[in-house]
Amino acid sequence: MYETMKPEKRNLIIERILRVEWSMLQKVGGINGKAGCQEDWDTFHIMRYAYYNAWPNNLILSYIRDLDEAALSEKNLVMEKYAYMMEYTDPDYYATKLAPYLPQIDQETRALIEEISAYIVQCDKEFAAAYPRISMKGRPIEKNQDSTGFTSAESYAKGELRTYSKYTLRTLLDYVRSLKAEGKNLSYIVKQNMVQMYGYASLEDAERKM
């Protein structure tokens, strides 16, 4: 089902994704000026690498095409991601200042995003129940916990998913459905990658020591 790729090539593609996203992040101007995450490459690298390293090869290849196409169109997908998030964290500002300038999302795309994000929320809830100390280090899970300047994992995911091409969303949904069919949890895969990059032996090791 998934495309084969040498580990070295896979790693190079993920690293290129991260460099492109980092460059885009540097051009994002917040309401209150530059954010701390824009000056912390190490944390950014670990968080984003752990995320993409949980993806199959065909999904990584699809997303790098999205980034390449965005570059050709001079679009900043990271800037759009944060703008879309504000629909949940600051609806009035989003409606008046941002929505008129953002690409419109059609119904098929919304349906893809809803199914993917519902799975992500469920995964995060299951992970938080099993590893509460690790989870406390991250975002609140559901969008009803959003506030101005404070974004839940659900709203973050929906904002990011809106920047993906329809092809990438369909590819991601296929992957999500395959994980569900196998009883697998994407949050476990991502967090396992993350804690290992921080030097922990396992999720259990990180949970004990955090």
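**Exercise 1.** How are α4 and α8 oriented to each other: oblique, roughly parallel or roughly perpendicular?

*Solution.* The model is predicted, with a mean pLDDT of 92 for the protein and 93% of its residues at 70 or more. Begin with the geometry: α4 and α8 pack at an angle of about 135°, and their axes lie 8 Å apart. Next, recall that angles over 145 degrees count as roughly antiparallel and those from 65 to 115 as roughly perpendicular, while angles under 35 degrees count as roughly parallel. The two helices, α4 and α8, are therefore oblique to each other. To complete the picture, the crossing in which α4 passes α8 is right-handed, and the residues that meet there include Y82 and M85 in α4 and Y156 and K158 in α8.

**Exercise 2.** Describe helix α9, and find what covers its buried residues.

*Solution.* Start with the extent of α9, which runs over residues 166–181 and reaches 22 Å from its first C-alpha to its last, close to the 22 Å expected. Then list its buried residues, among them L169, L172, Y175 and L179. Finally, look at the cover over these buried residues, which includes α3, α6, α8 and α10. Among the elements of the protein, α9 has the highest mean pLDDT, 98, and α4 the lowest, 92.

**Exercise 3.** Which sign does phi of E74 have, positive or negative?

*Solution.* Locate E74 in the loop between α3 and α4, and then read its phi, which is near 55° and thus a positive value in a residue other than glycine. Most residues other than glycine have a negative phi. As for its surroundings, E74 is exposed, with a relative accessible area of 75%.

Terms used. Residues are numbered from 1 along each chain as its sequence is written. This is a predicted model: local features need pLDDT of at least 70, side-chain atom pairs count only at pLDDT 80 or more; totals for chains, interfaces and linings use all residues. Side-chain values use heavy atoms; hydrogens and water are left out. Helices (H or I, at least four residues) and strands (E, at least two) are DSSP runs, numbered from the N terminus. The expected span of a helix is 1.5 Å times one less than its number of residues. Buried means under 20% relative accessible area, exposed over 50%, partly exposed in between (1.4 Å probe, protein chains only). Contact means heavy atoms within 4.5 Å. pLDDT is the predictor's confidence in each residue, from 0 to 100. Axes are lines fitted to C-alpha atoms, for helices over the stretch in contact, and angles run from 0 to 180 degrees between N-to-C directions. A crossing is left-handed if the near helix is turned anticlockwise from the far one by less than a right angle, and right-handed if clockwise.
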